[in-house]
Amino acid sequence: MSPAARSLQAFGFYLCVLGPGLLVAPGPLLAPFGIAAPQEVWVRVAGLLALVIGAYYLVAARHEFVPLMQASVVARFGVLVVFTGLVLGAGAPLALIAFGLVDAAAAVWTALALRRSHGVGANPRTIGVPTR
């Protein structure tokens with residue numbers, strides 16, 4: 001397995017742990033971050049989506065599916081941007097940025113590994129196009 005695939009696999013495992021936690025018991029999972037136990041169903045929906053995306057990442061990593069690895073880099077940086085916007089503009093808890101930073105750090109890991117092992121970047125206009 002390439003370093004890029006390993007980075008995506010690790011992030012997929014993270015999502016496969018986070019997802020069921022949000023789905024089944026969001027209160028205890030979010031409490032250490034100072035986020036009150038949500039009463040709405042949407043946090044559980046987000047947990048299911050995290051679990052599904054994590055499963056997709058695991059399959060993509062196993063099969064060295066570079067286009068998804070590249071797209072995930074762009075998307076994971078977008079998570080940090082959106083979460084920061086929600087904190088600054090919508091009063092979301094500051095701890096939400098911590099989750100975005102995990103996504104961004106994992107995106108950097110994947111981007112660097114892609115560049116080293118596959119010679120490709122994460123430019124959305126050139127996803128799947130070798131840069132060598």
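Let's start with contacts: of those in the protein chain with a separation of 6 or more, 67% join residues 24 or more positions apart. Do keep in mind that this is a predicted model. One pair shows what such a separation looks like: Arg-115 and Ala-4 are 111 residues apart in sequence, and their C-alpha atoms are 8.6 Å apart in space.

Now the overall layout. The protein chain has 5 helices and 0 strands, so along the sequence you read α-α-α-α-α. Of its 132 residues, 38% are buried. The accessible surface of the protein chain is about 7,300 Å², and carbon and sulfur atoms own 73% of that.

On to the inside. In soluble globular proteins, nonpolar side chains tend to be buried together. Here, the largest nonpolar core has 17 residues. Which residues have the most contacts inside it? They are Leu-8, Met-69 and Leu-114. Four elements give two or more residues each to this core: helix H1 (3–24), helix H3 (42–62), helix H4 (66–90) and helix H5 (96–117). Apart from it there is another core, of 7 residues, including Leu-18, Leu-30, Ala-95 and Phe-99.

Let me stay with Met-69 for a moment. Leaving out residues up to four places away in sequence, Met-69 touches Ala-4, Ala-5, Leu-8, Ala-60, Glu-64, Thr-110 and Leu-114. You'll spot two names from the core there, Leu-8 and Leu-114.

Thr-110 on that list deserves a look of its own. This residue sits in helix H5. Is Thr-110 buried or exposed? Its relative accessible area is 0%, and buried means under 20%, so Thr-110 is buried. Beyond its neighbours within four places in sequence, Thr-110 is in contact with Ala-4, Ser-7, Leu-8, Met-69, Val-73 and Arg-76. Compare Arg-115, which is also found in helix H5: at 57% relative accessibility, that residue counts as exposed, because the cut-off for exposed is over 50%.

Next, helix H4, the home of several of these residues. The buried ones in H4 are Val-66, Met-69, Gln-70, Ser-72, Val-73, Arg-76, Leu-80 and Val-87. As a reminder, an α-helix has 3.6 residues a turn, so residues three or four places apart point the same way. And what do the buried residues of H4 pack against? The partners are H1, H3 and H5.

For those of you who like a geometry check, here is one. With 25 residues at 1.5 Å a residue, H4 should span 36 Å, and its end C-alpha atoms are 35 Å apart, which agrees. Just after H4 comes Gly-91, with a positive phi of about 75°.

Last, let's go to the outside. There is a nonpolar surface patch of about 950 Å², made by Leu-23, Val-24, Val-41, Trp-42, Val-45, Leu-48, Leu-49, Val-52, Ile-53 and Tyr-56. H1 and H3 each supply at least two of its residues. Which helix gives the most? That would be H3, with 7 residues. One of the patch members, Val-45, has its place in helix H3. Val-45 has a relative accessible area of 32% and is therefore partly exposed.

To wrap up: H3 gives residues to the 17-residue core and also gives the most to the nonpolar patch. Thanks, everyone, and I'm happy to go back to any of these residues on the screen.

Key. Residues numbered from 1 in each chain as written. Predicted model: local features only at pLDDT ≥ 70, side-chain atom pairs only at ≥ 80, totals over all residues. Heavy atoms only, no water. Core = buried A, V, L, I, M, F, W, Y, C linked by side-chain atoms within 4.5 Å. Buried < 20%, exposed > 50% of the residue type's maximum accessible area, 1.4 Å probe, protein only. Contact = heavy atoms within 4.5 Å. Expected span 1.5 Å × (residues − 1). Patch = residues over 30% accessible without salt bridge, like charges linked within 9 Å, V, L, I, M, F, W, Y side chains within 5 Å. Areas by Shrake-Rupley, 256 points an atom, 1.4 Å probe, with all protein chains shown as cover. Salt bridge = Lys/Arg side-chain N within 4 Å of Asp/Glu carboxyl O.
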